[in-house]
Amino acid sequence: MTFDVQIFLQQVFSPAFLNGAFLSISVAVLSQAAAIVLGFLLALATMGKNVALRGASRTYIWLFRAIPALLVLLLLWNAAPQLVPAFRENWYTPFVAAVIGLALTEAAFMSEIIRSALQSVDEGQSLAARALGMKPLAVLFKVTLPQAIRVAIPPTGNEFIAMVKYSSLASVISLRELLTTAQLGVSTTFRYAEYYAAATVYYLVIVSILMFLQSRLEKRYQWASPRRRRRFGGGAASVPTIDLGTTAVPAAPTTEARVR
């Protein structure tokens, strides 16, 4: 049996694969968005002074980092309806279960990413903002968070790309996402190479687009050091600045620069 290019092209442009790719992206986007919000709250609780909240958040992180995502999906789809009557209603579909399960699992990892990003910002900046009369929430959202975003973007982008691939785990709960579509085609035609190759093309295209968007977002929040030419042709002097996406704010001079 040889590779049939016609079958491959038919599947690449078939409505079934397009719909499967749309479901995979939808699950990934919704799960990642929910995980970022929940992870942000968990990170704040972990860094907070409330002992009960700090213990609860650490327990959550430990639990969902230890349990495989596949097992979480199986528990939500098979076990949860037996324990919670609300999960037996028509609204509880494989799509909803996949979003909830992947979001709960990913939130444990996102909380650690966000916590490390927040802690990477110098505490002196928060103290200076408080000295100017800013309230704690204003300090968090106007001073700390804009700088922490730059640190959190690369690992968050990697997690989002991984989430697109993790959406294939939803095949175990009967969600017809991209990989499930390929497997259903294989089960009726036994054309493994053509169907799996079509799925591979979709994953490559999706991930390539996400990597491009991630690189653009990283450039928006990168450190900028515009070079200024000296008047008499000497070496170029640079003034470090922080690019927060709107204006470049000069950074504080280093100790070596102050000594000179």
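**Exercise 1. The surface.** How much area does the chain expose, and what percentage of it do carbon and sulfur atoms supply?

*Solution.* The model is predicted, so local features need pLDDT of at least 70 and side-chain atom pairs count only at pLDDT 80 or more, while totals for chains, interfaces and linings use all residues. Residues are numbered from 1 along each chain as its sequence is written, and side-chain values use heavy atoms, with hydrogens and water left out. With accessible areas taken from the Shrake-Rupley method with a 1.4 Å probe, the chain exposes about 15800 Å², and carbon and sulfur atoms supply 65% of that area.

**Exercise 2. Helix H4.** Work out whether the span of helix H4 agrees or disagrees with its number of residues, and then find where H4 bends.

*Solution.* Begin with the definition of a helix, which is a DSSP run (H or I, at least four residues) numbered from the N terminus. The expected span is 1.5 Å times one less than the number of residues. For the 15 residues of H4 (residues 69-83) this gives 21 Å, and because the end C-alpha atoms are 20 Å apart, the two agree. Next, compare the axes fitted to the seven residues ending at a position and the seven starting there, since the angle between them is the bend; at Leu76 H4 bends by about 35°. Finally, look at the side of H4 that is covered: Ala69, Val72, Leu73, Leu76, Ala80 and Pro81 are buried, where buried means under 20% relative accessible area, exposed over 50%, and partly exposed in between (1.4 Å probe, protein chains only). These buried residues pack against helix H3 (51-66) and helix H5 (94-119).

**Exercise 3. Salt bridges.** Identify which residues are linked in a network of salt bridges.

*Solution.* A salt bridge is a side-chain nitrogen of Lys or Arg within 4 Å of a carboxyl oxygen of Asp or Glu, and the structure holds three of them. One joins the side chains of Arg65 and Glu112 (3.9 Å, N to O), linking distant parts of the chain, with Arg65 in helix H3 and Glu112 in helix H5, 47 residues apart. Another joins Glu112 and Arg115 (2.9 Å, N to O), which are separated by about one helical turn because they stand three residues apart in helix H5. Arg65, Glu112 and Arg115 are therefore linked in a network. The side chains of Arg191 and Glu194 also meet in a salt bridge (2.7 Å, N to O); Arg191 is buried at 15% relative accessible area, and Glu194 is buried at 2%.

Note on methods: Helices (H or I, at least four residues) and strands (E, at least two) are DSSP runs, numbered from the N terminus. Contact means heavy atoms within 4.5 Å.
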